[in-house]
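Biologist: I'd love to go through this model with you and hear the reasoning behind each label. Shall we take a look?

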Amino acid sequence: MATATLTIDLDALTANWRALDAQTACDTGAVVKANGYGLGADRVARTLMKAGVRRFFVAAAEEGAALRQAVGPDPEINVFSGHMAGDTDMISDMGLTPMLNSLDQILRHVEALPAHPFGIQLDTGMNRLGLEAPEWAAVAGMVLGRNPTLVMSHLACADEPEHPMNPRQLAVFHQMTDGIGVPRSLAATGGILLGSDYHFDLTRPGVGLYGGMPFVDAAPVAGLAIPVIQTRGVAAGETVGYGNSWIAERDSQIATIAAGYADGIFRAMGPEISVFAGEARCKVIGRISMDMIGVDITDLNESPAFVELLGPHQSVDSVARAAGTIGYEILTALGQRYARRYRGG
Ligand SMILES: *Cc1c(COP(=O)(O)O)cnc(C)c1O
């Protein structure tokens, strides 16, 4: 088989959710947008339900509709993009809870689905989604009279604990919501780690569940094993791959492995990244192609059947560093061509 295998450790996922839940005295939801950060929203969500999750978050109503099929009627499914034009039937039929983020959305929702649950998203300084303070002041009375399920906001700099933006947003959130008598939520993974002032009634971790920074103590969830298609000897002075960008300095053994940038292994990480054959680190050489990558296995005693890009030796965040990006982007770029294998759960 010439496709790589993405192994998703559902026990590690559960352990990460429990560890984040244990850091707070409040409820802990789970963010499963973008197909569970690339790992498969169905399996991820069903596993987290067993661990005790009752409130999920997705980005778009379409994601919520798919998730509803996977988790059944009971869990709450909250939609960050709120109630968009055209979403009404899906929100109603699939029992989704839109996090309304503008006056337009509030009007649309109460006109189209007056008795249907909703939450409210406030902007506390990130300037991405949510009502600003004057808008909120104008409609809070009417909105609160309709019993929103949740009032939430999002932190822009929570992965930098010392950033002054964190206490500033916290203060604005207090000003906008103290005394409203509705459950409140401010913290994603980074916010949980900022401490109890940020926890309110419900937290919304995403990346930490999947083993990514800023949750440094996370258990790794994703493993990626890539089969070797062919190996060959290359004499000193010969070149490998597109553009002749790698030249053998010594007689070398080169393995060609079956994954590439079409599978989310960004071309930009080529010069920095290695893979592992058992315990041995083997450098990626030459340019990363669409479906293939060259690896220097000269120092191994035998040709491996596969090599590991993600796993115990190399985390999502180490791979992200090599590509000049963040773990979130590595996870969500993981290709659809991988065979996905779930372990535990
Ligand atoms: C993506 C997202 C989250 C989850 O963030 P993580 O950093 O992955 O924990 C929470 N809330 C909102 C509004 C989001 O967009």
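Biologist: How many cavities of 30 Å³ or more does a search of the whole structure find?

Modeller: Two. Do keep in mind that this is a predicted model.

Biologist: What makes a space a cavity and not a pocket?

Modeller: A 1.4 Å probe fits at its points but cannot get out, whereas a pocket is an open set. The largest cavity holds about 80 Å³ of space, and the second largest holds about 30 Å³.

Biologist: Why are Q121, L122, D123, T124, M126, R128, L129, S153, H154 and Q169 called the lining of the largest cavity?

Modeller: Lining residues have an atom within 4 Å of a cavity point, so these residues count as its lining. By class, three are nonpolar, five polar and two charged. D123 and R128 are the charged pair, because Asp and Arg count as charged.

Biologist: And what makes one residue in the lining of the second largest cavity polar?

Modeller: That lining consists of L224, G264, I265, M269, L309, L310, V319, I330, L334 and Y338. Gly counts as polar, so G264 is the polar one. The other nine are nonpolar, and none is charged.

Biologist: Turning to helix α4, residues 61–71, why are A61, G64, A65, L67, R68, A70 and V71 called buried?

Modeller: Buried means under 20% relative accessible area, so each of these residues falls below that cut-off. Their cover includes α3 (41–51), β4 (55–58), β5 (76–79), α5 (88–93) and β6 (96–100).

Biologist: What is the phi of G72, just after α4?

Modeller: G72 has a positive phi there, about 80°.

Notes
Residues numbered from 1 in each chain as written. Predicted model: local features only at pLDDT ≥ 70, side-chain atom pairs only at ≥ 80, totals over all residues. Heavy atoms only, no water. 1 Å grid on protein atoms, 1.4 Å probe; cavity = no way out; pocket = protein on both sides within 12 Å on 5 of 7 lines; lining within 4 Å. Points joined across faces, edges and corners; volume = space filled by probe spheres on them. Buried < 20%, exposed > 50% of the residue type's maximum accessible area, 1.4 Å probe, protein only. Helix = DSSP H or I, 4+ residues; strand = E, 2+ residues; numbered from the N terminus. Contact = heavy atoms within 4.5 Å.
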